[in-house]
Amino acid sequence: MLEKKRMWTENQKQKLELLRNRFLEYLTALNYSTATLVNYGRDVRVFLDWLIENTSLNSISDVTAAHLSQYQIALYQIEIEDEKTGEKKRLAVGTQTNKLAAMKRFFLWLWQEGAIVHNPSSSIQMPKQPKLLPKNILTPAEAKRLIETVPTKKPRDIRDRAILEVMYATGIRRAELVSLTIYDVEMTTGTLRIEHGKGDETRLVPLTASALSALKLYLEESRNCFATEPGQTRLFVSSRSGGRLDADDIRRIVGKAAKNAKIKKHITPHTLRHSCATHLLKGKADIRQIQKLLGHRRLSSTEIYTHVELGDLAEVISRCHPREKK
């Protein structure tokens, strides 16, 4: 920890908060998503709180690369208690990276605004993140059971079935799904337009025949039962409020379907995205085509699905190894 000599004055603290608010206004003008604004606002505040508690600088312009290195070490050393086990664990590498990314973006903006002469965060190296394999991938049989367990008689079930079909067919992100409008579905061409995806990019993806059929049934027989708000254009509508569904609604729909399908794995909306990509790759789809479908800007993000499963490897050994050949 850096030596603490004196307290920051209230006036200095107010100036830091003013800079944070101006930074968020700047990101808003750049059309950053609401979630990103919330995360950046929170993480910049964490940094500024650390700065106030652990340094005795006169202003943000006095921050050096050494201070930021100390902050990075402090993030690494933070321990939080697991709510279930009570064990203390360090912040995940991804969490540390997100907090550092917010801090670096904040200092880049300060430098661009002329609030600081040089950018002390430019020399800060981000933690190396391990490329973890997606967990709890569904088998094709499990994915089929998950979807087909949902009946198609009641309006809400018809909606939920359509949601699951679209998620598994396209690998769409949860936030992208709840942002869909009725104008994003093109029945004649069997395509779905996904606007304002990650990085605010738009992509056009094909729908499977079963997803298209489920959407057609939902639009014809179910959606009008819920869409009571005047001018409501969201594709998937809440059965309670008549307004848009939120991310937690999608999580509950997926969880309920997994429970009814008696799937023991921990299944989340992102599981369907991972499963879609994995099953396409196993079906010999080109990895760049999967990249386009998922809306990944970097091929490295898609390459995580090229993992070799143990069962596949055992089959290759049995078929090809000289000591195994019959």
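# Close-up views of a predicted model

**Figure 1. Leu146 is a buried residue, with a relative accessible area of 0%.** The structure shown is a predicted model. Leu146 belongs to helix 5, which covers residues 140–148. Setting aside neighbours within four places in sequence, the residues in contact with Leu146 are Leu138, Leu164, Val254, Ala257, Ala258, Ala261, Ile263 and Leu272. One of these contacts, Ile263, is 117 residues away from Leu146 in sequence. In space, the C-alpha atoms of Leu146 and Ile263 are 7.8 Å apart.

**Figure 2. The whole chain gives the setting for the close-up views.** The chain has 326 residues, and 40% of them count as buried. Its secondary structure consists of 14 helices and five strands. The accessible surface of the chain is about 19,200 Å², and carbon and sulfur atoms account for 52% of that area. When contacts between residues at least 6 apart in sequence are taken, 59% of them join residues at least 24 apart.

**Figure 3. Helix 2 packs against helix 4 at an angle of about 85 degrees.** Two packed helices are described by the angle between their axes and the distance between the axes. Here helix 2 spans residues 34–54 and helix 4 spans residues 93–113, and their axes are 8 Å apart. What does the angle say about how helix 2 and helix 4 lie to each other? Angles of 65 to 115 degrees count as roughly perpendicular, and helix 2 and helix 4 are therefore roughly perpendicular to each other. On the helix 2 side, the contact is made by Tyr40, Arg42, Asp43, Val44, Val46, Phe47 and Leu48. On the helix 4 side, the residues are Asn98, Lys99, Ala101, Ala102, Met103, Arg105, Phe106 and Phe107. The residues of this contact comprise 10 nonpolar, one polar and four charged.

**Figure 4. Arg22 and Glu113 form a salt bridge between their side chains.** The N to O distance in this pair is 3.1 Å. Arg22 is in helix 1 (residues 10–29) and Glu113 is in helix 4, so the salt bridge ties together parts that are 91 residues apart in sequence. Arg22 is partly exposed, at 36% relative accessibility. Glu113 also counts as partly exposed, with a relative accessible area of 44%.

**Figure 5. Asp43 and Arg42 are joined by a salt bridge.** The closest N and O atoms of Asp43 and Arg42 are 3.1 Å apart. Are the two residues buried or partly exposed? Asp43 is buried, with a relative accessible area of 3%, whereas Arg42 is partly exposed, at 42% relative accessibility. Asp43 and Arg42 are also among the helix 2 residues that meet helix 4.

**Figure 6. Glu176 and Arg203 meet in a salt bridge.** The distance from N to O is 2.9 Å. Glu176 lies in helix 7 (residues 174–178) and Arg203 in strand 5 (residues 203–206), so this pair ties together parts that are 27 residues apart in sequence. Are Glu176 and Arg203 buried or exposed? Both Glu176 and Arg203 are buried.

**Figure 7. Glu17, Arg20 and Arg45 are joined into one network by salt bridges that share partners.** The whole structure contains 18 salt bridges.

Notes: Residues numbered from 1 in each chain as written. Predicted model: local features only at pLDDT ≥ 70, side-chain atom pairs only at ≥ 80, totals over all residues. Heavy atoms only, no water. Helix = DSSP H or I, 4+ residues; strand = E, 2+ residues; numbered from the N terminus. Buried < 20%, exposed > 50% of the residue type's maximum accessible area, 1.4 Å probe, protein only. Contact = heavy atoms within 4.5 Å. Areas by Shrake-Rupley, 256 points an atom, 1.4 Å probe, with all protein chains shown as cover. Axes fitted to C-alpha atoms, helices over the stretch in contact; angles between N-to-C directions. Parallel < 35°, antiparallel > 145°, perpendicular 65-115°, else oblique. Nonpolar A, V, L, I, M, F, W, Y, C, P; charged D, E, K, R; others polar. Salt bridge = Lys/Arg side-chain N within 4 Å of Asp/Glu carboxyl O.
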